[in-house]
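Me: I would like to go through this model and ask, for each label attached to it, what the grounds for that label are.

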Amino acid sequence: MTPIAAADIDTYDRDGVVCLRARFDSGWIDRLRAAVERDLASPGPSATNFAEGSSAGKFFGDMFMWKHDPDFRAAALESPAAAIAAGLMRSQHADFFYDQLLVKEPGTAHPTPWHQDQPYWPVKGWQIASVWIALDPIDRSNGAVEFIAGSHRWGINYRPTPFRKGHEVKFTDSDLAQIPDIDADRSRYDIRWWKMEPGDCLVFHAMIVHGAPGNSTPGARRRGLALRYTGDDARYDPRPGTFQFPHTPDLAPGAVMTCGLFPRVV
Ligand SMILES: O=C(O)CCC(=O)C(=O)O
């Protein structure tokens with residue numbers, strides 16, 4: 001694997017996000033595109049259309065595809081993603097947490113709401129990162145993911161925001177603060193996004209505030225695969241208000257994450 005540059009580690013540390021170019025070769029992209037089409041044709045038990053009831057088009061989400069599809073499994077466990085995550089997190093090890101597919105089809109107005117990932121997740125610690133792999137050319141018009149640089153260090157955990165209308169009830173237990181209306185005054189924030197090519201990836205910290213516009217193009221798909229990893233200091237933390245995953249690990253609260261559901265990769 002191409003080594004991780006010290007400058008990229010510094011950027012990840014300071015901004016909470018870095019865009020790495022051409023880390024997944026055409027072999028991976030072809031394999032993953034085929035896996036995405038299989039999943040769209042025959043969605044897994046966790047699949048959902050986040051845009052249903054709010055806009056035309058489709059914002060298809062699925063997760064834990066690695067449990068039943070060999071190519072998603074290979075991406076999680078054998079691709080460069082785990083070593084990239086470990087390197088940027090400055091972690092000796094990387095345990096695979098889960099995979100999430102995020103396909104925004106052309107003509108989908110539905111945005112990805114601004115949110116942080118960690119408040120949804122039953123894990124605590126600092127070394128937690130996602131590797132979001134672009135499977136299409138991406139720019140702002142088809143839904144480039146946007147980040148508020150440095151927001152992983154704000155020291156605030158915002159209440160999980162549901163991605164889909166009607167899912168608010170899932171997080172009513174949470175006594176965390178409501179995330180501010182970022183779009184009401186975007187000039188107050190250092191918002192970053194990248195034009196991407198297939199094989200580029202975004203690597204971002206679990207506490208960074210991020211979201212994405214809809215896909216307003218007539219024909220440019222936006223297929224993204226997020227692979228999430230935890231590092232040395234992460235511990236299982238199934239606190240109230242976190243997301244109910246479709247699988248439950250055999251872990252006691254406070255345990256190191258490594259287990260059958262969250263396998264050690266690096
Ligand atoms: O792909 C998107 O629109 C959002 C991605 C995201 O929120 C994530 O991977 O945590």
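The exchange below takes up burial, strand pairing, the ligand site and a few single residues in turn.

Me: What kind of model is this?

Reply: It is a predicted model, and the values discussed here are computed from it.

Me: Why is S91 called buried?

Reply: The relative accessible area of S91 is 10%, and buried means under 20%, so S91 meets the criterion and is called buried. S91 is found in the loop between helix 4 (81–89) and strand 4.

Me: What makes the pair formed by the side chain of S91 and the backbone nitrogen of D232 a polar contact?

Reply: The backbone nitrogen of D232 lies 2.9 Å from a polar atom of the S91 side chain, and the distance limit for a polar contact is 3.5 Å, so the pair falls within that limit.

Me: Is A22 buried or exposed, and how do you know?

Reply: For A22 the relative accessible area is 64%, and the word exposed is used over 50%, so A22 counts as exposed. A22 has its place in the loop between strand 1 and helix 2 (26–41), and its phi is near 50°, a positive value in a residue other than glycine.

Me: Where is R90, and what is notable about its phi?

Reply: R90 is in the loop between helix 4 and strand 4, and its phi, near 55°, is a positive value in a residue other than glycine.

Me: Why is D71 called buried, and which side chain does it contact?

Reply: D71 has a relative accessible area of 16%, which is under the 20% that marks a buried residue, so the label applies. D71 is found in helix 3 (residues 70–78), and its side chain makes a polar contact with the side chain of R38 at 3.0 Å, a distance within the 3.5 Å limit.

Me: What makes strand 4 a mostly covered strand?

Reply: In strand 4 (residues 95–104), 10 of its 10 residues are buried, and each of these residues therefore has a relative accessible area under 20%.

Me: How do you know that strand 4 pairs with strand 3 and with strand 12?

Reply: Pairing requires at least two bridges between two strands. Strand 3 (residues 59–63) is joined to strand 4 by 5 bridges, and strand 12 (residues 222–230) is linked to strand 4 by 9 bridges, so both count as paired with strand 4. The sense is antiparallel for strand 3 with strand 4 and also antiparallel for strand 4 with strand 12. Where strands 3 and 4 meet, M63 stands opposite Q100, while V103 stands opposite R223 in strand 12.

Me: Which residues of strand 10 point which way, and are they buried or exposed?

Reply: C201, V203 and H205 point one way from strand 10, whereas L202 and F204 point the other way, and all are buried. In a regular strand the side chains alternate between the two faces of the sheet.

Me: What makes strand 1 and strand 7 partners of strand 10?

Reply: Strand 1 (residues 17–20) is joined to strand 10 by 4 bridges and strand 7 (residues 128–134) by 5 bridges, and the requirement is at least two, so each of them pairs with strand 10. Both pairings are antiparallel, with V18 opposite V203 and A129 opposite H205.

Me: Why are strand 5 and strand 9 described as edges?

Reply: An open sheet of 4 strands, with antiparallel pairing, has the order 5-11-8-9. Strand 5 (112–115) and strand 9 (191–192) each have a single partner strand, so one side of each is left without a neighbour in the sheet. Strand 8 (residues 146–148) pairs with strand 9 over 2 bridges, which satisfies the requirement of at least two, and I191 is the bridge partner of I148.

Me: What makes the approaches of W132, H210 and R222 to the ligand fall within the polar contact limit?

Reply: An oxygen atom of the ligand lies 3.1 Å from a polar side-chain atom of W132, 3.0 Å from an N or O atom in the side chain of H210, and 2.9 Å from an N or O atom in the side chain of R222. The limit is 3.5 Å, so these distances are within it. Taken alone the ligand exposes 290 Å², of which the protein buries 99%.

Me: Which strand supplies the largest share of the shell around the ligand?

Reply: Strand 12 does, with 3 residues, and the space taken by the ligand is the largest pocket.

Methods:
Residues numbered from 1 in each chain as written. Predicted model: local features only at pLDDT ≥ 70, side-chain atom pairs only at ≥ 80, totals over all residues. Heavy atoms only, no water. Buried < 20%, exposed > 50% of the residue type's maximum accessible area, 1.4 Å probe, protein only. Polar contact = N/O pair within 3.5 Å; in protein donor to acceptor, adjacent residues only side chain to side chain. Areas by Shrake-Rupley, 256 points an atom, 1.4 Å probe, with all protein chains shown as cover. 1 Å grid on protein atoms, 1.4 Å probe; cavity = no way out; pocket = protein on both sides within 12 Å on 5 of 7 lines; lining within 4 Å. Sits in = over half its atoms within 2 Å of the grid points.
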